[in-house]
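Please read the following walk through one protein model with the coordinates open beside the text. The paragraphs go from the overall fold to the interior, then to charged pairs, and end at the surface and the backbone.

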Amino acid sequence: MAREEPDVEVLNEAISSALVFNDEVKDGGGVQITCFSEVVNDVALHFQILRLPKQIYVWIGCDSAKLGRIYAAAPTRPQKDMISVTSILGGASDNTGAGIARRLVLKTGLNIILACNIPKNSPMLEADAEKMLVQKLIQLGYTRAKAEGSSS
């Protein structure tokens, strides 16, 4: 049975039309929602970023709208370049989402909640998804300057 290819533009339009609000976060009291999709090596990757005042929620979906495993990551005091990561839904932590969540905290300096639905045995797909996500976070201005970040 042939699998029908997802129409990324139609999906992006549907996700965008479902947005409830898109307020600025700069004043400390809003949520900014960004959704986008990309096709990498014939695999559709879908992203949703919710920017809250002191944290970012990210969902990465691969070929479906399933939630996947959820991870929480945050800087550990007193050293801000030490990151704590835990799996909060989906069983034992695996390297797929945990590594992405850890590196996002290093790039943004914010607490990260990451829902990740990328197959475990796809390291190249994981790397491509993380690269696209970081590029979008930079474009949105959510990353901190290099001088503020760690050397990792």
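A residue is called buried when its relative accessible area is under 20%, exposed when that area is over 50%, and partly exposed in between, with a 1.4 Å probe and with protein chains only taken into account. By this scale A145, at 44% relative accessibility, counts as partly exposed. A145 lies in the segment after α3, and its C-alpha is 8.5 Å from the C-alpha of K107, although the two are 38 residues apart in sequence.

Before going further, the basis of these values should be stated. This is a predicted model, in which local features need pLDDT of at least 70 and side-chain atom pairs count only at pLDDT 80 or more, whereas totals for chains, interfaces and linings use all residues. Residues are numbered from 1 along each chain as its sequence is written, and side-chain values use heavy atoms, with hydrogens and water left out.

The protein contains 3 helices and 6 strands, where helices (H or I, at least four residues) and strands (E, at least two) are DSSP runs numbered from the N terminus. Read from the N terminus, the order of the elements is α-β-β-β-β-β-α-β-α. Of the 152 residues, 41% count as buried. The accessible surface comes to about 9100 Å², with 52% of it belonging to carbon and sulfur atoms; such areas come from the Shrake-Rupley method with a 1.4 Å probe, and for residues only the protein chains shown count as cover. If a contact is taken to mean heavy atoms within 4.5 Å, then residues 24 or more positions apart account for 53% of the contacts that have a separation of 6 or more.

What does the interior consist of? A nonpolar core is here a set of buried Ala, Val, Leu, Ile, Met, Phe, Trp, Tyr and Cys residues joined through side-chain atoms within 4.5 Å. The largest such core has 31 residues, and those with the most contacts inside it are L45, F47, I56, I60, L104, L114 and L133. At least two residues of this core are supplied by each of β1 (32-40), β2, β3 (55-62), β4 (69-75), α2, β6 (111-117) and α3. L133 may serve as an example: leaving aside its neighbours within four places in sequence, L133 is in contact with F47, I49, V58, I60 and L104. Apart from the largest core lies another, of 5 residues, among them W59, I70, I113 and A115.

The charged pairs come next. A salt bridge is counted when a side-chain nitrogen of Lys or Arg is within 4 Å of a carboxyl oxygen of Asp or Glu, and by this rule the count comes to 2. In one of them, R103 is paired with E126, the closest N and O atoms being 4.0 Å apart; R103 belongs to helix α2 (residues 95-108) and E126 to helix α3 (residues 123-140), so the pair links parts of the chain that are 23 residues apart. In the other, the closest N and O atoms of E130 and R103 are 2.7 Å apart, and because E130 lies in helix α3 and R103 in helix α2, this pair ties together parts that are 27 residues apart in sequence. R103, E126 and E130 are thus linked in a network of salt bridges. Within this network R103 is partly exposed, at 33% relative accessibility, whereas E126 is buried, at 13%, and E130 is also buried, at 13%.

Another arginine, R51, is found in strand β2 (residues 43-52) and is buried, at 14% relative accessibility. The side chain of R51 reaches the backbone oxygen of P53 at 3.2 Å.

Where does the backbone carry a positive phi in a residue other than glycine? Most residues other than glycine have a negative phi. N41, however, has a positive phi of about 50°, and the phi of D42 is near 65°. N41 is placed in the loop between β1 and β2, and D42 is found in that loop as well. N41 is exposed, with a relative accessible area of 66%, and D42 is exposed at 64%.

Notes: A polar contact is a pair of N or O atoms within 3.5 Å; within protein, one must be able to donate a hydrogen and the other to accept it, and residues adjacent in sequence count only if both atoms are side-chain atoms.
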